[in-house]
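Me: I have a new structure open and would like to learn how to read it. Could you walk me through it step by step?

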Amino acid sequence: TGYDVKFFGDTATNGYMLWDESRDDLILGSSSRLGIGTTTPDRQLSIVGTSTAYMNFDATSYVDWLIGSASEGFIFYDGNATAYRMVINSSGNVGIGDSDPSEAKLSIDSVASGDYGLSVVQAQNTQAVYIDNNGTNSALAIENTGSTGRGIYVYSNMNASAEESLVNIVVDNTLFDQPALTIDNDGVVTA
C-alpha cells in the first residue's frame with residue numbers, strides 16, 4: 001500500500017517493482033534483477049554494452065566519474081580531466097595513472113609535481129614495507145637514469161635511546177660467500 005505503481009512477477013514472491021511518486025523512489029524486491037542493455041540480467045544489476053559498459057557518477061561541482069568495463073579493463077575514469085585514474089586489466093594488473101599496466105602487478109604513473117609516487121605511514125611495531133624475494137633477481141631495483149636526485153635517501157630523527165641502527169644488513173647463512181654490501185661507482189665516492 002502507499003505506492004503509485006506496482007509490478008509483481010508471476011512466480012517469484014519477492015520479484016516486484018514499486019514506484020512512489022511522492023518521493024520519486026523506485027524499489028525492487030530482493031529477488032528482482034535490473035538489466036541495462038540486456039534482457040537477461042544475471043545479477044541484481046547487470047550493465048551490458050557492445051564495447052563498453054559504464055556507470056556515471058556526476059555530482060555538481062565535483063569529479064564526473066565513469067566506472068565500468070572497457071577495452072583497457074575495469075576502469076575509473078575522470079570525465080573532468082579526461083584521464084584514466086585507475087585501471088585493472090584482464091591479468092589483474094593495477095594501473096594508477098597508467099591506462100596500460102601490462103608491465104607490473106602495480107604500476108603508478110603520471111605522478112603530479114610535488115606528490116609522492118607512494119607514501120606509507122607506519123605507526124605499528126613491524127616493517128612498513130616487506131618484500132619476500134624468492135626469485136633469482138633483485139628484490140628492489142631503483143633506476144635513477146636521467147634524474148639529478150638521489151637514488152636512495154635515508155633520514156632519521158631518532159634520539160640517543162634508539163635501539164636499532166639506521167641501516168641494518170643481516171646475512172643469516174654461513175654458506176653465503178658474497179659481500180654483504182657492494183658499491184660500484186664510476187664517479188666520486190664520499191663517506
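**Reading the model together**

Reply: Happy to! Let's start with one residue and its neighbours: leaving aside residues up to four places away in sequence, Asn 93 touches Val 87, Ile 88, Pro 101, Ser 102, Glu 103, Ala 104 and Lys 105. Please keep in mind that this is a predicted model.

Me: Where does Asn 93 lie in the chain?

Reply: Asn 93 belongs to the loop between strand 9 and strand 10.

Me: Is Asn 93 buried or exposed, and how do I judge that?

Reply: Look at the relative accessible area, where buried means under 20%. Asn 93 has 8% relative accessibility, so this residue counts as buried.

Me: Which backbone oxygen does the side chain of Asn 93 reach at 2.9 Å?

Reply: That one is the backbone oxygen of Pro 101. A polar atom of the Asn 93 side chain also lies 3.1 Å from the backbone oxygen of Ala 104. Pro 101 and Ala 104 are both among the residues that Asn 93 touches.

Me: Let me step back to the whole chain. How many helices and strands are there?

Reply: The protein chain has zero helices and eleven strands. Read from the N terminus on, the elements are therefore a run of β after β.

Me: What share of the residues is buried?

Reply: Of the 191 residues in the protein chain, 12% are buried. The accessible surface comes to about 16100 Å², and carbon and sulfur atoms account for 50% of that.

Me: What do the contacts say about residues far apart in sequence?

Reply: Take the contacts between residues at least 6 apart in sequence: 1% of these join residues at least 24 apart.

Me: Now the strands. How do strands of a sheet pair?

Reply: In general, they pair through backbone hydrogen bonds, and the pairing is either parallel or antiparallel. In this structure, six strands form an open sheet in the order 6-7-8-9-10-11, with mixed pairing. Strand 6 (53–58) and strand 11 are the edge strands, each pairing on one side only. From one strand to the next, the twist averages 15 degrees.

Me: How many bridges join strand 7 to strand 8, and how do the two strands run?

Reply: Six bridges join strand 7 (residues 64–70) to strand 8, and the two run antiparallel. They form a hairpin with two residues between them. To see one pairing for yourself, find Ala 70, whose bridge partner in strand 8 is Gly 73.

Me: How does strand 8 pair with strand 9?

Reply: These two also run antiparallel, joined by five bridges. Here Phe 76 has Met 86 in strand 9 as its bridge partner. Strand 8 and strand 9 form a hairpin with four residues between them.

Me: And what joins strand 9 to strand 10?

Reply: Three bridges do, and the strands run antiparallel. Ile 88 stands opposite Val 94 in strand 10. You have met Ile 88 before, as one of the residues that Asn 93 touches.

Me: What can I learn from the backbone angle phi at Thr 82?

Reply: Check its sign and the residue type. Thr 82 has a positive phi, near 45 degrees, and is a residue other than glycine. Thr 82 lies in the loop between strand 8 (73–78) and strand 9 (83–88). With 55% relative accessibility, Thr 82 counts as exposed.

Me: What is the phi of Ser 110?

Reply: Ser 110 is not a glycine, yet its phi is positive, about 55 degrees. Ser 110 lies in the segment after strand 11 (106–108). Its relative accessible area is 58%, so Ser 110 is exposed.

Me: Last topic: the aromatic rings. How many aromatic pairs are there?

Reply: A search of the whole structure finds three. One of them joins Phe 74 and Phe 76, with ring centres 5.5 Å apart and planes at 80 degrees, so this pair is edge-to-face. Phe 74 is partly exposed at 37% relative accessible area, and Phe 76 is partly exposed at 24%. The rings of Tyr 77 and Tyr 84 have centres 5.0 Å apart and planes at 75 degrees, so they are edge-to-face too.

Me: Is Tyr 77 buried or exposed?

Reply: Tyr 77 counts as buried, at 19% relative accessibility. Tyr 84 is partly exposed, with a relative accessible area of 25%.

Terms used
Residues are numbered from 1 along each chain as its sequence is written. This is a predicted model: local features need pLDDT of at least 70, side-chain atom pairs count only at pLDDT 80 or more; totals for chains, interfaces and linings use all residues. Side-chain values use heavy atoms; hydrogens and water are left out. Buried means under 20% relative accessible area, exposed over 50%, partly exposed in between (1.4 Å probe, protein chains only). Contact means heavy atoms within 4.5 Å. Accessible areas come from the Shrake-Rupley method with a 1.4 Å probe; for residues, only the protein chains shown count as cover. Two strands pair if DSSP finds at least two bridges between them. Rings of Phe, Tyr and Trp (its six-membered ring) pair if their centres lie within 6.5 Å; planes under 30 degrees apart count as stacked, over 60 as edge-to-face and the rest as tilted. Axes are lines fitted to C-alpha atoms, for helices over the stretch in contact, and angles run from 0 to 180 degrees between N-to-C directions. A polar contact is a pair of N or O atoms within 3.5 Å; within protein, one must be able to donate a hydrogen and the other to accept it, and residues adjacent in sequence count only if both atoms are side-chain atoms.
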